[in-house]
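Visitor: I have a chain in front of me, and I would like to learn how the words used for it are justified.
Guide: Let us look at it together, one word at a time.

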Amino acid sequence: MEDDEMDSLFEGMVLFSPSQLATDQSLEDDHSESQSQSQSHHDAPSLETAPAPASSSSEPLDENLFSDLTLQTPLYQPSPSKTKSSRKKKKAAGLRIGYGRDSPRMSPDGDYDDDNFDDDSSILADETSSTSSIPDKDKEKDDHDNNPQQRFEHLKTRILEKLNTARELASSVSTARKVSIRRRRKASDDLHSASLKHSLLEKQLDEACEAEDFETAQRISDDLASSENHKQSLFIALRDAEAHCDAVDSQMHQVLLSQIAAEEESASLLYHFSADAANNADMFLKKAETLSSEEMDRWLSSTEALEGRKIELEIESHLVNDARLVLNNSVDASIEDDKKEKEFLCKRKDMLFDELQKLLALVRDKEKEIADNDSKIQAVEERIAHALSGFQEFQSSIDTKFDNLQSTISQLDLESEALLMKKKEIDEFLKEEVDRVAKLKELARVSAAEAKAYQEVVGLRRSLMSSVLKSRDDKVRLAKAEEKLSEEVQMLQQEVSAARASLQELSSMKSSIQQNVASFKQRILFIDKRAPELEAEKKVAAAARNFKEAARIAAEAKSLSVEKDGLQIEMEKAVLELEKLEENFKDTVERLQETEQLIISKEKEVAIARFQRLLIVAGAAMAERSAALELGNLEEANLLLGEAEAADQEAKKLKPIYNFREEEFVNLPKHFISMELVANFGKKQLAELAASVHLSSA
């Protein structure tokens with residue numbers, strides 16, 4: 001306690017007492033039986049100036065002198081909201097200690113009223129119990145945070161389950177993807193083998209035609225037609241395998257979207273948990289500080305009340321002890337004269353007995369004196385016994401009350417220790433709350449960091465997946481363009497075949513008409529040559545008067561003339577038809593040439609689309625091969641290497657034919673990324689992969 005508080009502790013104290021009775025006793029001679037008592041009244045000085053009672057005082061004290069000893073204090077009600085300055089004022093409040101008969105504290109039989117101590121103890125008990133309102137910490141923890149660590153672990157378990165489900169689905173699709181790659185590789189190899197066989201048959205057919213081995217040529221032609229059908233079926237199978245691979249890639253895309261959605265949801269859950277944990281931490285800390293402040297106010301109030309009561313009891317105990325010492329000294333002083341008188345009387349008795357021995361004659365006279373002296377001795381002894389009895393009862397009462405005060409002080413010491421323990425509990429509670437808030441904030445920080453990591457992974461996966469999807473979309477777009485252009489080329493080739501068939505038909509018809517015209521001309525020439533001969537023969541027959549022969553010859557000449565006319569008409573028709581055929585033939589040839597030029601143009605477009613697609617296929621296959629090696633799948637890596645090499649070889653075959661250069665195709669992807677790696681890599685590997693292809697997670 002501070003010095004200024006100690007100095008002001010006894011401010012306002014007043015020691016007051018009733019009149020004190022002093023009894024003067026004097027010994028008379030052996031025959032005197034009267035005693036005189038006198039009482040003197042005087043005011044006791046204040047506590048600060050009153051000297052300690054001397055043990056050698058000759059004045060006996062009234063047995064009821066301390067019966068009204070009262071410690072008066074103002075009614076004190078602790079208030080938790082008072083400040084330290086107000087507490088100092090209360091400590092400096094007036095304490096009045098003294099003797100006051102207007103406020104009796106003893107029972108009529110000389111004992112202290114124990115109810116006064118019981119009331120004070122109950123007040124202290126109430127004040128002490130008021131500090132025991134600290135809530136149960138385990139229950140408070142359950143009410144406050146419902147075990148945030150378990151919530152965080154449960155949340156992480158849920159997130160892990162979601163991500164494991166997405167990864168298991170990705171693994172399943174990856175397995176199906178490997179099967180589709182093997183199927184596509186087999187279909188490509190089969191088509192390549194069929195193409196080589198078809199090319200060999202074409203070469204053999206050319207050699208048979210050059211050797212004019214038409215039977216062998218016919219057999220090879222039949223085999224070539226069968227090979228063409230087989231090649232077409234294998235081409236369709238390859239397209240189906242590629243379509244299946246594309247479908248599996250689409251499934252992988254959907255799986256990646258599901259995985260990204262799961263990671264986004266995980267990030268969202270962790271962000272929400274982090275925000276809730278941070279808010280709860282601030283709220284818990286504020287509540288704990290408020291509760292701790294309230295409890296500390298209560299504790300300080302209880303401590304002040306306890307200290308004040310303890311000081312009061314110590315003062316009262318000191319006063320009672322001083323009163324006890326004064327009483328003991330007063331008892332000794334009050335019976336000192338009686339003891340001397342007794343000693344004197346005893347000596348006188350001895351003297352009288354001596355005189356009795358010496359003065360046997362005076363026995364009877366002395367016996368009366370002895371009897372009187374004995375009665376006086378007895379009266380003095382009774383008076384001494386009575387005085388001792390009264391003081392003993394009063395001393396016993398004071399001793400009992402002193403013991404009660406010491407017991408109460410001990411109880412106050414225990415309560416003070418309890419208050420210290422309570423303060424320790426408050427400090428420990430606040431420390432535990434602060435530690436718990438720190439742990440909660442750490443959970444919030446960890447949750448936010450994990451949420452940020454998931455969000456960054458989502459950004460990386462989205463960025464990398466967009467690159468993968470662009471490559472896949474480009475490949476699909478080019479494949480569709482190639483297929484569409486190939487169909488157009490096939491249609492144009494069919495038109496060319498039809499045009500060539502038409503030219504053959506026109507050529508055949510032209511040859512037939514030309515043969516007819518030549519035949520007509522020969523017949524007309526014959527008729528023109530025969531007509532003069534018949535005319536001469538007719539004249540000879542007519543001159544010979546062979547009119548019958550002349551009539552036959554005239555009929556034959558007429559028939560030939562009619563035939564000639566008919567042949568000329570037919571020849572004119574044939575010439576007109578031949579002219580039409582020539583026109584049709586010319587138109588067909590021109591259309592055929594245009595179609596062939598268009599075919600060449602379309603075939604170049606097909607080659608451009610195929611070249612770009614092959615470059616994408618080769619690049620994607622090499623990226624997937626690297627992923628397979630990264631993941632330890634050597635068989636798949638070998639298949640993908642064969643696919644990449646086949647695509648690259650086919651692209652190289654097209655380069656010299658059409659004079660292609662890769663730098664001409666600026667829209668082609670510069671980097672290729674495996675969807676397997678995007679699905680399986682973690683944050684660090686994804687960041688490295690994105691950096692290697694110059695992508696960001698934005």
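Visitor: What is the mean pLDDT of the chain, and what percentage of its residues reach 70 or more?
Guide: This is a predicted model, and the mean pLDDT of the chain is 76, with 77% of its residues at 70 or more. Among the elements, helix α8 (residues 547-630) has the highest mean, 90, whereas strand β2 (residues 96-99) has the lowest, 36.

Visitor: Which residues have a pLDDT below 50?
Guide: The stretch of residues 1-145 does, although beyond near neighbours in sequence it has 233 contacts in the model. Where pLDDT is low, the predicted coordinates should not be read in detail.

Visitor: Why is the pair of arginine 177 and glutamate 624 called a salt bridge?
Guide: The rule asks for a side-chain nitrogen of Lys or Arg within 4 Å of a carboxyl oxygen of Asp or Glu, and here the closest N and O atoms are 2.8 Å apart, so the pair qualifies.

Visitor: What makes this pair a tie between distant parts of the sequence?
Guide: Arginine 177 lies in helix α5 and glutamate 624 in helix α8, so the salt bridge ties together parts 447 residues apart in sequence. By this rule, the count comes to 41 salt bridges.

Visitor: Which residues gather in the patch of negative charge on the surface?
Guide: They are Glu202, Asp206, Glu207, Glu210 and Glu228, and helix α5 (residues 148-210) gives the largest share, 4 residues.

Technical notes
Residues numbered from 1 in each chain as written. Predicted model: local features only at pLDDT ≥ 70, side-chain atom pairs only at ≥ 80, totals over all residues. Heavy atoms only, no water. pLDDT = per-residue confidence, 0-100. Helix = DSSP H or I, 4+ residues; strand = E, 2+ residues; numbered from the N terminus. Contact = heavy atoms within 4.5 Å. Patch = residues over 30% accessible without salt bridge, like charges linked within 9 Å, V, L, I, M, F, W, Y side chains within 5 Å. Areas by Shrake-Rupley, 256 points an atom, 1.4 Å probe, with all protein chains shown as cover. Lys, Arg positive; Asp, Glu negative; His and termini not counted. Charge placed at Lys NZ, Arg CZ, Asp CG, Glu CD.
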